Amino acid sequence: MEAWRLAQVFPRTLRLHKPACGGHLVSRILFSGKTVLPERSKRSLCHFSTGPSVRESTALVYRSHGDPSQVVQLETLRLPDMESKSVHVKMLAAPINPSDINMIQGKGNASARTYAILPDLPAVGGNEGVGQVLEVGSQVQTVKVGDWVIPRDAGVGTWRTAAVFSEDDLVTVPSDISILSAATIGVNPCTAFRMLSDFESLMPGDTVIQNAANSGVGQAVIQIAAAKGVHTINVVRDRPDLQQLTDKLRAMGATYVVCPRPKLALNGVGGKSATELLRHLQTGGTMVTYGGMAKQPVTVPVSALIFKDVKIRGFWVTQWKRDNKQYDGVLRFMLDELCTLIRAGKLTAPYCSEVEIKDFHKALDNAMKPFISSKQILVM
Ligand SMILES: NC(=O)c1ccc[n+]([C@@H]2O[C@H](COP(=O)([O-])OP(=O)(O)OC[C@H]3O[C@@H](n4cnc5c(N)ncnc54)[C@H](OP(=O)(O)O)[C@@H]3O)[C@@H](O)[C@H]2O)c1
């Protein structure tokens, strides 16, 4: 497989500072939880809280698109005033995911953009993370002070020490799981869960093949599949410490046996790697593309379509959450199932490096390096 190596034994035949009100406030702007509102910056900025809340936050802000290490900066933001449906949240931890990087990079016009949604600028980085509710508006019903919450949708800007969100933008998670699990549950494990549920009817003994197996999504796929008795064939890029990585993935439940041909292929890479996955798929099987780390198109051999009748699908968890927003129970059910696996020790947070928000340059650099195999988590 050229630069690619299977981390798996294949079947033989297959193979947030707080200054006093005054001069320091000049450069501050207000950000709402969901959308950056620059016009609000013209409003009076000095406000004394009577409640437990800190009225400012330290945030990682970008004012133009470009190289994250150049355009992201640490700023003090004034929090917007509380309204009846507002929830004031102290952020606890937030990961740096590839989609966050893509959104900061932006890349020009809509056809060349690297991500489907780009926030208005200036924006706070980060799409997921966990926070604790500090105060709620008078009409908030679904969350209470002390609850742990995660964003319901992408684009809220989680790389900050505190925020005021709308109640509708949040969903609660239990506080008896680790902060790292809670901070990373909303995107990757949900993506893995959906892809293993919605495309093929997988029974114990069935096999799934995936590339980027050491990614956050890949690690969740391995563990959720293992909990269902489904084998996984896991492909990672070759590297000097391949054996060490292979051992880690096996310890998570990556299958180490001779497996039947896979029914489902999960592609987070694109390019040649995706074509390789297709080669191994069983007749009538499905390949779901959810990521494009190699930034190369997916090429499907004609023979795979004609002779194997493979199904080529795509999945975006943000769209799934939007499509299912009116069915609140569906998201709740999935989060409950994932939390049950977490509590049972069957689903761990991805391999992580915790980095203080002030050290964000280091974290952004690491998030863009190959072979790091460790999710960068900003701790507030
Ligand atoms: N569609 C959805 O709903 C959805 C949801 C979540 C994530 N995603 C996407 O899924 C992908 C993985 O996200 P994540 O948070 O799981 O990632 P992650 O934990 O940051 O891991 C990144 C993975 O990509 C691999 N990689 C990086 N550059 C690569 C390249 N040029 N060629 C091949 N592999 C490369 C890395 O392998 P090495 O260790 O070899 O560097 C690693 O396995 C991203 O594209 C992300 O946007 C999509």
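**View 1. Ala192 sits buried in helix α4.** Ala192 is buried because 27 other C-beta atoms lie within 10 Å, and a residue counts as buried from 20 upwards. The model shown here is predicted. Ala192 belongs to helix α4, which spans residues 188–198. Beyond its neighbours within four places in sequence, Ala192 contacts Val217, Ala220, Val221 and Ile224. Take Ile224 from that set. Along the chain, Ala192 and Ile224 are 32 residues apart. In space, their C-alpha atoms are 7.6 Å apart.

**View 2. Ile224 and its contacts.** Which residues does Ile224 touch, not counting those up to four places away in sequence? They are Ala192, Phe193, Leu196, Leu341 and Leu347. Ala192 is a residue of helix α4. Ile224 is also one of the residues that lead the next view.

**View 3. The largest nonpolar core holds 92 residues.** Ala93, Val221, Ile224 and Leu378 touch the most other members of this core. Strand β4, residues 86–96, gives the most to the core, with seven residues. Where does the core lie with respect to domain 1 and domain 2? It lies between them, because both domains give residues to it. Domain 1 covers 23–184 + 349–379, and domain 2 covers 187–318. In soluble globular proteins, nonpolar side chains tend to be buried together.

**View 4. Strand β10 is covered on both faces.** The strand runs over residues 207–210. Thr207 and Ile209 are buried on one side. Val208 and Gln210 are buried on the other. Strand β10 pairs with β11 and runs parallel to it, through four bridges. Strand β12, residues 264–267, is also parallel to β10, and three bridges join them. Within β12, Leu266 is the bridge partner of Gln210.

**View 5. Strand β11 and the β-α-β unit.** β11 spans residues 231–237. Seven of its seven residues are buried. One face of β11 carries His231, Ile233, Val235 and Arg237. The other carries Thr232, Asn234 and Val236. Two pairings tie β11 to β10: Thr207 stands opposite His231, and Ile209 has Ile233 as its bridge partner. Helix α5, residues 216–227, joins β10 and β11 in a right-handed β-α-β unit.

**View 6. An open sheet of three strands.** The strand order is β3-β2-β5, and the pairing is antiparallel. Which strands form the edges? They are β3 (72–78) and β5 (123–124), each of which pairs on one side only. Strand β2 takes in residues 56–62. Two bridges join β2 to β5. Tyr62 stands opposite Ala123 in β5.

**View 7. The whole chain, with the confidence of the prediction.** The protein has 380 residues, and 43% of them count as buried. Its secondary structure comes to 11 helices and 16 strands. Mean pLDDT is 86. A pLDDT of 70 or more is reached by 83% of the residues. Over residues 1–52, pLDDT stays under 50. For that stretch, the model has 97 contacts beyond four places in sequence.

Notes
Residues are numbered from 1 along each chain as its sequence is written. This is a predicted model: local features need pLDDT of at least 70, side-chain atom pairs count only at pLDDT 80 or more; totals for chains, interfaces and linings use all residues. A residue is buried if 20 or more other C-beta atoms lie within 10 Å of its own, exposed if 12 or fewer, and partly exposed in between; C-beta atoms are placed from the backbone. Two strands pair if DSSP finds at least two bridges between them. A crossover is right-handed if, with the strands pointing away from the viewer, the path from the first strand over the helix to the second runs clockwise. pLDDT is the predictor's confidence in each residue, from 0 to 100. Two residues are in contact if their C-beta atoms, placed from the backbone, lie within 7 Å. A nonpolar core is a set of buried Ala, Val, Leu, Ile, Met, Phe, Trp, Tyr and Cys residues joined through C-beta atoms within 7 Å. Domain bounds come from an automatic or database domain assignment.
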